[in-house]
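Before reading on, take a moment to look over the sequence and the model together. What can be said about the overall build of this protein, and about the places where its nonpolar side chains gather?

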Amino acid sequence: MRRVVIIGAGAAGTMAAIFAARSGAHTVLLERTRDGGRKILISGGGRCNVLPSKLDERRFVTDSSPNTLRKIVRSWPLADQIRFFEEEVGIRLEEEVESAKLFPASHKARDVRDGLLALARRSGVEVRMDTLVTSLEPDGAAWIIGIAGDEALRADAVIVATGGLSVPNTGSDGSGLSMLRAMGHTMHPTYAALTPVTSAPSDFSALSGISLRVSLTATSGVRQATASGGFLFTHQGYSGPSVLNVSHVAVRARAEGAASGADIAVQWTAHDEPAWTALLQSGGTRQVSSVVRQELPDRLADVLMAQAQVDPTRKLAELTRDERRRLVDVLVRGALPWQGDEGYKKAEVTGGGVALSEVDPRTMESRRAPGLFLCGEVLDAFGPIGGYNFLWAWVTGRAAGVAAASNA
């Protein structure tokens with residue numbers, strides 16, 4: 001019987017272990033922490049957004065071939081993944097319609113983590129917690145896995161599912177990425193993705209705690225990202241799904257020292273330019289402030305009117321064309337001043353990593369090292385908030401597990 005060793009008992013690693021064992025391999029799952037799956041536990045505010053209810057492959061971000069990414073994502077259809085969780089793991093999923101997210105009906109992330117580990121054990125996986133891998137070396141057609149304070153393991157195949165650099169207090173320290181780089185894998189620069197953005201003191205500094213739905217567009221050179229959804233003013237700057245989903249453009253512009261940085265533009269409401277123009281052209285004795293405050297939180301409305309240099313007490317009938325143009329401009333494409341980001345400490349995922357060209361998209365086997373398989377966050381791809389990154393973990397973990405168990 002083939003022996004498959006998986007390094008990392010997070011989302012991708014546990015899924016890989018389940019499918020390796022089910023495919024007939026003697027499977028050992030190694031985890032450096034005492035319990036594993038800590039990112040699952042903190043995801044979705046402790047509820048765990050298991051999957052998106054609808055999938056748009058174009059929303060993934062990668063510096064690798066989008067065609068390769070699509071091949072990987074399509075290897076396990078979304079409907080089959082939903083069926084797996086409900087019928088095999090035993091977790092009923094509920095859709096949050098407004099956000100197109102699927103959560104466990106219990107709304108407890110622990111049920112997802114514990115359910116996957118329980119299924120792994122039922123499938124015959126040997127799970128070893130508190131086990132630190134110190135080295136990984138090929139030995140002919142086999143692999144030798146060095147373990148701190150214990151005997152080395154010998155395996156026919158190894159799956160690296162060590163995660164990236166995001167949320168380091170969950171056990172992610174980038175050691176797997178370093179190991180893969182040392183083996184000669186092509187690595188795209190890593191960066192904090194889906195992370196809050198910080199700002200210097202600005203007109204918005206006093207708005208901490210205000211939340212609303214907006215549309216954001218971040219642009220830097222050839223890179224651009226657009227997102228709509230929740231937005232939150234924080235003491236440090238800005239957060240919420242819309243901010244996290246465009247943050248990588250700002251993060252990379254700063255890391256690369258782009259001369260002009262990245263511009264972030266905000267459409268503060270669902271109203272576009274024609275809609276706002278029509279509202280502000282309606283004339284009459286209503287004050288500008290009453291129209292803007294009807295659509296936005298009062299304090300934010302006051303700041304935006306000040307930015308547009310429009311007197312809030314001015315009557316609609318008295319607005320000049322230039323005043324109306326300035327106000328509409330601020331409301332539909334206002335500048336969001338930013339200074340930095342909260343980095344890996346708050347990042348949901350790691351961007352960059354091993355180029356997708358370095359793995360066979362059908363099996364996740366390394367093209368550099370036969371018998372070595374890669375899955376999850378070590379690979380160069382991430383998706384938006386909404387279950388996309390778990391989907392990536394489930395898909396790549398399953399493919400790696402099946403292939404590692406049957407690889408000749």
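The paragraphs below go from the whole chain to its interior.

The model shown here is a predicted one, and its C-alpha trace spans about 85 × 45 × 35 Å along the principal axes. Along the chain there are 13 helices and 20 strands. Among the contacts between residues at least 6 apart in sequence, 72% join residues that are at least 24 apart.

Turning to the surface, the protein exposes about 17,300 Å², of which carbon and sulfur atoms supply 48%. Its charged side chains comprise 45 positive and 44 negative ones, and the centres of these two sets lie 1 Å apart.

Of the 408 residues in the protein, 54% are buried. In soluble globular proteins, nonpolar side chains tend to be buried together. Here the largest nonpolar core has 82 residues, and those with the most contacts inside this core are F84, F85, L116, I145 and W394. Helix α13, which covers residues 388-406, contributes twelve residues to this core, the largest share. Apart from this core lies another one, made up of 44 residues, including A227, F231, I264 and L327.

One residue of the largest core can be followed more closely. Which residues does I145 touch, if those up to four places away in sequence are not counted? The partners of I145 are V5, L30, V133, S135, L136, A152, L153, A155 and V158.

Definitions and conventions: Residues are numbered from 1 along each chain as its sequence is written. This is a predicted model: local features need pLDDT of at least 70, side-chain atom pairs count only at pLDDT 80 or more; totals for chains, interfaces and linings use all residues. Side-chain values use heavy atoms; hydrogens and water are left out. A nonpolar core is a set of buried Ala, Val, Leu, Ile, Met, Phe, Trp, Tyr and Cys residues joined through side-chain atoms within 4.5 Å. Buried means under 20% relative accessible area, exposed over 50%, partly exposed in between (1.4 Å probe, protein chains only). Helices (H or I, at least four residues) and strands (E, at least two) are DSSP runs, numbered from the N terminus. Contact means heavy atoms within 4.5 Å. Accessible areas come from the Shrake-Rupley method with a 1.4 Å probe; for residues, only the protein chains shown count as cover. Lys and Arg count as positive and Asp and Glu as negative; His and the chain ends are not counted. The place of a charge is taken as NZ of Lys, CZ of Arg, CG of Asp or CD of Glu.
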